[in-house]
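Me: I have a structure open and would like to go through it with you. Could we begin with strand pairing and then move on to other topics?

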Amino acid sequence: MGTEACSMTVTEIELEGIMFPSALTPPFSGKTLFLGGAGVRGLDINGEFKVFTVTGVYLESEAVNFLTKRWKGKPVEQLSSSNQFYRDIVTAPFDKLSQVTLVAHLSGSQFVQKVAENCRTFMKKENLYSQKEEKAAIEFEKLFEPIDLPPGSTIFFTHCSSGQLKVTFSKDTSVPELENGVIDCPILEEAVLESIVGENGVSPAAKLSLALRIHDIINSV
């Protein structure tokens, strides 16, 4: 990690019995990313909140300098309520990783259906949706078709600054050495992270956690 990451204190987070370590190395990578934030994703069903997944977002150490220049000294409420803050994280030129660990049992197809739908909506909104992007979205969906996702299993999305999206499946929270698929489509890579922490992100808890932790980090270095 860079000097910024070495000088800051980053803690682990535990959610629904799942531990998100303070640092993590993506599959087939020599980079160590720090835990930006984590939160649950769920739905209110008949008056009861049911958790389906827990998600952690990891950032490369360069994120500290990048976000410090834009957001240091601003109140945490401004970060958490600003779409631009999350867009800065999604679009910034550094690697990120999303760890999605299952709490409820889902098939791969069940999981990817909503993700792909949200990604297509975002790409169309950005006017960056052509046959190339649809082909990439179909390739993304096909990665999940044979996959079963019992509780405790994990999907790792590596959002590379090169524009590649790397998808890795794990039977638990350990990080495999190799990814299961690589999709070379920058707007899809962006759309997957946008679907988690963007304007209509599926995990408001992860968004709030990111804002709180990044606020503390950039104001302590």
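Me: Which residue in E9 is the bridge partner of serine 98?
Reply: In this predicted model, phenylalanine 157 of E9 is the bridge partner of serine 98. Strand E6 (residues 96-102) and E9 run antiparallel and are joined by six bridges. Two strands are taken to pair if DSSP finds at least two bridges between them. Strands (E, at least two residues) and helices (H or I, at least four) are DSSP runs, numbered from the N terminus.

Me: Before we go on, what are the ground rules for numbering and confidence?
Reply: Residues are numbered from 1 along each chain as its sequence is written, and side-chain values use heavy atoms, with hydrogens and water left out. Because the model is predicted, local features need pLDDT of at least 70 and side-chain atom pairs count only at pLDDT 80 or more, while totals for chains, interfaces and linings use all residues.

Me: Back to E9: how many bridges join it to strand E10?
Reply: Six bridges join E9 to strand E10 (residues 164-170), and the two run antiparallel. Phenylalanine 156 has threonine 168 of E10 as its bridge partner, and threonine 154 stands opposite serine 170 in E10. The hairpin of E9 and E10 has four residues between the strands, and glycine 163 there takes a positive phi near 100°.

Me: Is E9 buried or exposed?
Reply: Six of the six residues of strand E9 (residues 154-159) are buried, so E9 is largely enclosed by the rest of the structure. Buried means under 20% relative accessible area, exposed over 50%, and partly exposed in between (1.4 Å probe, protein chains only).

Me: Which side chains point which way there?
Reply: Thr154, Phe156 and Thr158 point one way from E9, and Ile155, Phe157 and His159 point the other way. All of these are buried.

Me: In what order do the strands of the sheet come?
Reply: Seven strands form an open sheet in the order E3-E4-E5-E6-E9-E10-E11, with antiparallel pairing. Its edge strands are E3 (23-24) and E11 (181-184), each of which pairs on one side only.

Me: What happens at the E11 edge, then?
Reply: The side chains of E11 alternate: Gly181 and Ile183 point to one face and are buried, whereas Val182 and Asp184 point to the other and are not. E10 and E11 run antiparallel with four bridges between them, and leucine 165 stands opposite isoleucine 183 in E11.

Me: And at the E3 end, how many bridges are there?
Reply: E3 pairs with strand E4 (residues 33-45) in the antiparallel sense over two bridges, and phenylalanine 34 in E4 is the bridge partner of alanine 23. E4 in turn pairs with strand E5 (residues 48-59), also antiparallel, over eleven bridges. One partnership between E4 and E5 is that of arginine 41 with threonine 53. Their hairpin has two residues between the strands, and asparagine 46 takes a positive phi near 55°.

Me: Where else is phi positive in a residue other than glycine?
Reply: Glutamate 16 has a phi near 50° and lies in the loop between strand E1 (13-15) and strand E2 (18-20). Asparagine 127 has a phi near 55° and lies in the loop between helix H5 (108-125) and helix H6 (131-144). Most residues other than glycine have a negative phi.

Me: How accessible is asparagine 127?
Reply: Asparagine 127 counts as exposed because its relative accessibility is 68%.

Me: Changing topic, which residues of helix H2 are buried?
Reply: In helix H2 (residues 62-71), the buried residues are Ala63, Val64, Phe66, Leu67, Thr68 and Trp71. Glutamate 62 is also in H2, but counts as partly exposed because its relative accessibility is 43%. Just after H2, glycine 73 takes a positive phi of about 85°.

Me: Finally, what about the chain overall: how many helices and strands?
Reply: The protein chain has eight helices and eleven strands. Buried residues make up 52% of its 221 residues. Its radius of gyration, taken over C-alpha atoms, is 16 Å. This agrees with the value near 17 Å for a compact globule of 221 residues, from the rule of 2.2 Å times the number of residues to the power 0.38. The C-alpha atoms fill a box of roughly 45 × 40 × 35 Å along the principal axes.
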